[in-house]
Amino acid sequence: MMYKFWMTVLKEMLLLKRDFGGLIILFVMPLVLIITITLIQDSAFKAVGKNKIPILLVDNDHGTISETVLNNLHSNNSFEIITELDGQPVDDATAQEAVFRGDYQLAISIPENLSKDLEYKVNQNVSKITERLGLSEEESTPQQERVLTQKEIRLYFDPATQLTFKNAVKNAIDKMLSQIETKSIYSSFQDQFDMGEEPLFDQNNFIVFKEVVPSVNDKEVLPNSVQHNVPAWSLFAIFFIIVPLSINIVKEKSQGTMTRLIINPTPYYLLVLGKTATYLVICLIQFLLMVLIGVYVFPHIGLPQLDVSNALLVLCLVASFAGLAAIGLGILLGTIAKTQEQAAPFGATLVVILAAIGGVWVPVFAMPKVMQVVSTISPMNWGLSAFYDILLRNGGITAVFPELIFLFLFFLITILIAVAYEKKERAV
């Protein structure tokens, strides 16, 4: 029995050797993919911090608020402030046209008399408070109050601007204006009580944010693009093994090789084991090559180094179980498919779908609720969660044990369905 098993392994290796170009693609293309994607994403992250985004500022206020906004935007290294176009001050119509045309991503328009009206409104509210508390020094003669309408700071965004950038800008400007309004209230109280130069209130923020990140050996571990991309695209490459595996099975059926092997006689499950062993080695080689790229190549092309210290064996274990899941799916597809034209496009499309719902491209938490539920049945999602548990959450074998169980059960179920289907086809 062992002899037949090793002969089936040898047969698979000879089949792969005959298609040497396809074998090279299996190993080279994932490496090109992971380097390209990681470079693009890392450059995008760096661009946000280093490259200044030009934005138009329409100053209709010409007061303290517009000056504060301008100073705050200048102090932010993310923006380049433009107040003139062709030697003329930017107005609303020009800004709107330039942004909607795609020349700029953003324009900010500050309304007229914003500083004066805010000062009036704050003083008005503070005066009411001091009068009701009996803290007013003099009886003020009743005056007709001006009715102030709500002021709008208008934001013009390029229609092609991503939603994440819009939300980030809105939140930053909202925070800035809240601080300006709060300081105006403090200043008004200061003037009402005539405290002179001595500050009445501490205007520093009492509540601040601090991000707490995982630490190993008292050293903070900051996630980077490499830790996200290596496991994600390794899984994508591992599952792409479905395509050549299913095609080879269809070839064997169409050429009569499968029939001769069964007549030999060789049990179908033994052929399945031979394919599993061969392609599992290929999956592990793919994964280890990607790890080597992350550890030794990425630092030389300006990318962070992949840190797999004390975790390589667990990572290989996860890759092995992910490989089993991919192989089981490939064998099932090859068993059911009648022609190569069915196996190849369906296999490639299936891998893309599994990657999409598994969180390789878009994080699962950002998906609609329905897709979040669907993602739980994707073996890529199980494998990706296991990789993240190890690389980003400092987990061990116990942390990824549930995902390994799911991947192995997926392998067993697909293999049992394939064997049952093949047995039924031969019985007919």
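**Exercise 1.** In this predicted model, is Tyr156 buried or exposed?

*Solution.* Tyr156 has a relative accessible area of 8%. Buried means under 20%, so Tyr156 is buried.

**Exercise 2.** Classify the aromatic pair formed by Phe100 and Tyr156, and place both residues in the chain.

*Solution.* Step 1: the search of the whole structure finds eight aromatic pairs. Step 2: one of them joins Phe100 and Tyr156, at 6.3 Å centre to centre and 75° between the planes. Planes over 60 degrees apart count as edge-to-face, so this pair is edge-to-face. Step 3: Phe100 lies in helix H4 (residues 92-100) and Tyr156 in strand S6 (residues 154-157). They are 56 residues apart, so the pair links distant parts of the chain. Step 4: Phe100 is partly exposed, at 45% relative accessible area.

**Exercise 3.** Classify the pair of Phe236 and Phe240.

*Solution.* Step 1: the centres are 5.6 Å apart and the planes make 45°. Step 2: that angle is neither under 30 nor over 60 degrees, so the pair is tilted. Step 3: Phe236 counts as buried at 11% relative accessibility, whereas Phe240 is partly exposed at 29%. Step 4: Trp233 joins these two in one aromatic cluster.

**Exercise 4.** Which strands stand at the edges of the open sheet?

*Solution.* Step 1: the four strands run in the order S2-S1-S5-S6, with mixed pairing. Step 2: S2 (79-82) and S6 each have a single partner strand, so they stand at the edges. Step 3: S1 (residues 53-59) pairs with S2 in the parallel sense over four bridges. Ile53 has Phe79 in S2 as its bridge partner. Step 4: H4 packs on the sheet and touches S1, S5 and S6.

Terms used: Residues are numbered from 1 along each chain as its sequence is written. This is a predicted model: local features need pLDDT of at least 70, side-chain atom pairs count only at pLDDT 80 or more; totals for chains, interfaces and linings use all residues. Side-chain values use heavy atoms; hydrogens and water are left out. Rings of Phe, Tyr and Trp (its six-membered ring) pair if their centres lie within 6.5 Å; planes under 30 degrees apart count as stacked, over 60 as edge-to-face and the rest as tilted. Helices (H or I, at least four residues) and strands (E, at least two) are DSSP runs, numbered from the N terminus. Buried means under 20% relative accessible area, exposed over 50%, partly exposed in between (1.4 Å probe, protein chains only). Two strands pair if DSSP finds at least two bridges between them. Contact means heavy atoms within 4.5 Å. Axes are lines fitted to C-alpha atoms, for helices over the stretch in contact, and angles run from 0 to 180 degrees between N-to-C directions.
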